[in-house]
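Open the model in your viewer and keep the sequence panel beside it. The tour goes from one helix pair to single residues, and then to the whole chain.

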Amino acid sequence: MTTRDTTLALLRALARGSTLPELAETTGRSERTVLRHLARLEREGIRIARPPSGGTRERGVYRLRDRQLAEALVLTEGRE
């Protein structure tokens, strides 16, 4: 999977809302690598809603904050 493929898969998973393990499984990358990709996307201006940290064992959900972008990604999923 190329970096472009990883980024697109990550964006689509964020559009649906996914936990960190789900993001890792979707992209075929480790959780640590996914976190680095998320940080890169944020540096490039993509707004990501991260789950609250600390004190909980529940896996939080990562989502795109831009609903318009999220809807567009979900609509185009499967067209490729």
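## Stop 1: a pair of helices

In this predicted model, select helix H1, residues 3-16, together with helix H3, residues 31-43; the two pack at an angle of about 85°, and their axes lie 11 Å apart. Since angles from 65 to 115 degrees count as roughly perpendicular, H1 is roughly perpendicular to H3. Two packed helices are described in just this way, by the angle between their axes and the distance between the axes.

Next, show the side chains where the helices meet. From H1, pick Thr 3, Thr 6, Thr 7, Leu 10, Leu 11 and Leu 14; they meet Val 34, His 37, Leu 38, Arg 40 and Leu 41 of H3. Coloured by class, this contact of H1 with H3 shows six nonpolar, four polar and one charged residues.

## Stop 2: Thr 6

Centre the view on Thr 6, which belongs to helix H1. Is Thr 6 buried or exposed? Its relative accessible area is 1%, and buried means under 20%, so Thr 6 counts as buried. Now display what surrounds Thr 6: apart from neighbours within four places in sequence, it is in contact with Met 1, Thr 27, Arg 29 and His 37.

## Stop 3: His 37

Move from Thr 6 to its contact His 37, which sits in helix H3. His 37 has a relative accessibility of 12% and is therefore buried too, by the cut-off of under 20%.

Which residues does His 37 touch, when those up to four places away in sequence are not counted? Select Thr 3, Thr 6 and Leu 10 to see them. Those three also appear among the H1 residues that meet H3.

Then add Arg 40 to the selection. The side chains of His 37 and Arg 40 are joined by a polar contact of 3.0 Å. Arg 40 is also one of the H3 residues that meet H1.

## Stop 4: the whole protein

Zoom out and switch to a cartoon view. How many helices and strands does the protein have? There are four helices and two strands, and their order along the sequence is α-α-α-β-β-α.

Colour the protein by burial next: of its 80 residues, 35% are buried. Turn on the surface, and about 5,400 Å² is exposed, with carbon and sulfur atoms supplying 47% of that area.

Finally, draw the contacts between residues with a separation of 6 or more. Of these, 53% are between residues 24 or more positions apart.

Key
Residues numbered from 1 in each chain as written. Predicted model: local features only at pLDDT ≥ 70, side-chain atom pairs only at ≥ 80, totals over all residues. Heavy atoms only, no water. Axes fitted to C-alpha atoms, helices over the stretch in contact; angles between N-to-C directions. Parallel < 35°, antiparallel > 145°, perpendicular 65-115°, else oblique. Contact = heavy atoms within 4.5 Å. Nonpolar A, V, L, I, M, F, W, Y, C, P; charged D, E, K, R; others polar. Buried < 20%, exposed > 50% of the residue type's maximum accessible area, 1.4 Å probe, protein only. Areas by Shrake-Rupley, 256 points an atom, 1.4 Å probe, with all protein chains shown as cover. Polar contact = N/O pair within 3.5 Å; in protein donor to acceptor, adjacent residues only side chain to side chain.
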